[in-house]
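Here is my note on the model you sent, arranged as numbered points. Please read each one with the structure open beside it.

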Amino acid sequence: MKTISVIVPCYNEEETINLYYDAMTKVKNDSNKFKLEYWFVDDGSKDRTYPVLKELQAAHPDEVHYITFSRNFGKESALYAGLNAVTGDYTAVMDVDLQDPPEMLEEMFDLLETDEYDCVGTARMDREGENPIISFFSNGFYGVINKMSQTKIIPGARDYRLMTRQMVDSILSMTEYNRFSKGIFSWVGFRTKYLPYKNRERVAGTTSWNFWKLLKYAITGIIDFTERPLMFATWMGIFFSGVSVIAIIGIIIRKLIYPLSSVTGWASMVSIILLIGGIQLLSIGILGEYIGKIFLEVKKRPIYIIREKK
């Protein structure tokens, strides 16, 4: 019987861990096609996540393992730590809040067993119950990144997926500090099938994601997988330089034709200066984002630091 290693990132999830484990145990027992090996990654939680994981591991030492970080490093670091730890034939990535349906795991396993696919992922068909503002910007993000980047990401794609060992090893070979897993999963390639499902709300607790964290995550994804924003800044500079040259020629011609004309147009001039200044600051900001990512990469700091592993 093959083993599925399940990576479960946790941040302040004391209420959901046991509920998640019970739901997964039911799926495993009902299926009886595979064994499960859990790798819970405590991402520097501030609640009782760590004690709950210790209790769960003590009760199921052969099945449950946990990794505890020295501080909060983020979900991407937790995923990478889990990928480094897994030993199973297949590897699954799941959220602990049960928004990722555990009952889909059997179908995902069956598809991988056919040897037709290397990865089976999931994508939400809708965003029912989600904040409409977040939904709007999330949909916009997929549209923007798929137009700007050669690495295509399925709209609504989740981190929830089941992968072969070969694909996991390929992901681990990408040791970059700034990580955007949805893009990395797509970039490494391999034969992938996506299963749609209806959106689910958390089974308990509250999400640690808010609008600004999601926006920062989206910016990371765009910067990591396309250089188009830099090209945008360049083309904007070329365009407005051309407009400026035309305007200067027009002013010279006007002065030659009407040498005694009075000075006019202060309001329009100020507006133009503010517009050009804003575009310059935007371009500098785009450049700064890329330089900031380079700055973090060249430091070669560890992606995460483990306080305890068991």
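1. How exposed is Lys2, in terms of its relative accessible area? In this predicted model, Lys2 has a relative accessible area of 36% and is therefore classed as partly exposed. Its side chain meets that of Glu113 in a salt bridge, with an N to O distance of 3.0 Å. Because Lys2 belongs to strand E1 (residues 2-10) and Glu113 to helix H4 (residues 105-113), the pair ties together parts that are 111 residues apart in sequence. Glu113 is likewise partly exposed, at a relative accessible area of 37%.

2. Strand E1 also holds Thr3, which at 17% relative accessibility falls under the 20% limit and so counts as buried. Leaving aside residues up to four places away in sequence, Thr3 touches Lys35, Glu37, Gly88, Asp89 and Tyr90.

3. The salt bridge of point 1 belongs to a wider set, since a search of the whole structure finds 13 salt bridges. Another of these joins Asp95 to Lys75, whose closest N and O atoms are 3.0 Å apart. This pair links distant parts of the chain, with Asp95 in the loop between strand E4 (90-93) and H4, and Lys75 in helix H3, 20 residues apart. Asp95 itself counts as buried, at 14% relative accessibility.

4. A further salt bridge is formed by Asp159 with Lys182, where the closest N and O atoms are 3.7 Å apart; as a salt bridge is counted when the nitrogen is within 4 Å of the oxygen, the pair qualifies. Here, too, distant parts of the chain are linked, for Asp159 lies in strand E6 (residues 157-164) and Lys182 in helix H7 (residues 181-187), 23 residues apart. Both partners count as buried, Asp159 at 6% relative accessibility and Lys182 at 14%.

5. The pairs of points 3 and 4 should be read together, because the salt bridges link Lys75, Asp95, Asp100, Arg158, Asp159 and Lys182 in a network.

6. Helix H3 (residues 75-85) deserves a separate look: nine of its 11 residues are buried, so the helix is largely enclosed by the rest of the structure. The buried residues are Glu76, Ser77, Ala78, Leu79, Tyr80, Ala81, Gly82, Leu83 and Ala85.

7. On cysteines, how many disulfides does the model contain? The count comes to zero when a pair of cysteine sulfur atoms must lie within 2.5 Å. Two cysteines may be inspected individually: Cys10 counts as buried at 1% relative accessibility, and Cys119 is buried with a relative accessible area of 0%.

8. The last point concerns the surface, where Val245, Ile248, Ile249, Ile252, Ile253, Leu256, Ile257 and Tyr258 make a nonpolar patch of about 830 Å². Of these residues, Tyr258 lies in the loop between helix H9 (228-257) and helix H10 (266-299). With a relative accessibility of 52%, Tyr258 is over the 50% limit and therefore counts as exposed.

Methods. Residues numbered from 1 in each chain as written. Predicted model: local features only at pLDDT ≥ 70, side-chain atom pairs only at ≥ 80, totals over all residues. Heavy atoms only, no water. Buried < 20%, exposed > 50% of the residue type's maximum accessible area, 1.4 Å probe, protein only. Helix = DSSP H or I, 4+ residues; strand = E, 2+ residues; numbered from the N terminus. Patch = residues over 30% accessible without salt bridge, like charges linked within 9 Å, V, L, I, M, F, W, Y side chains within 5 Å. Areas by Shrake-Rupley, 256 points an atom, 1.4 Å probe, with all protein chains shown as cover. Contact = heavy atoms within 4.5 Å.
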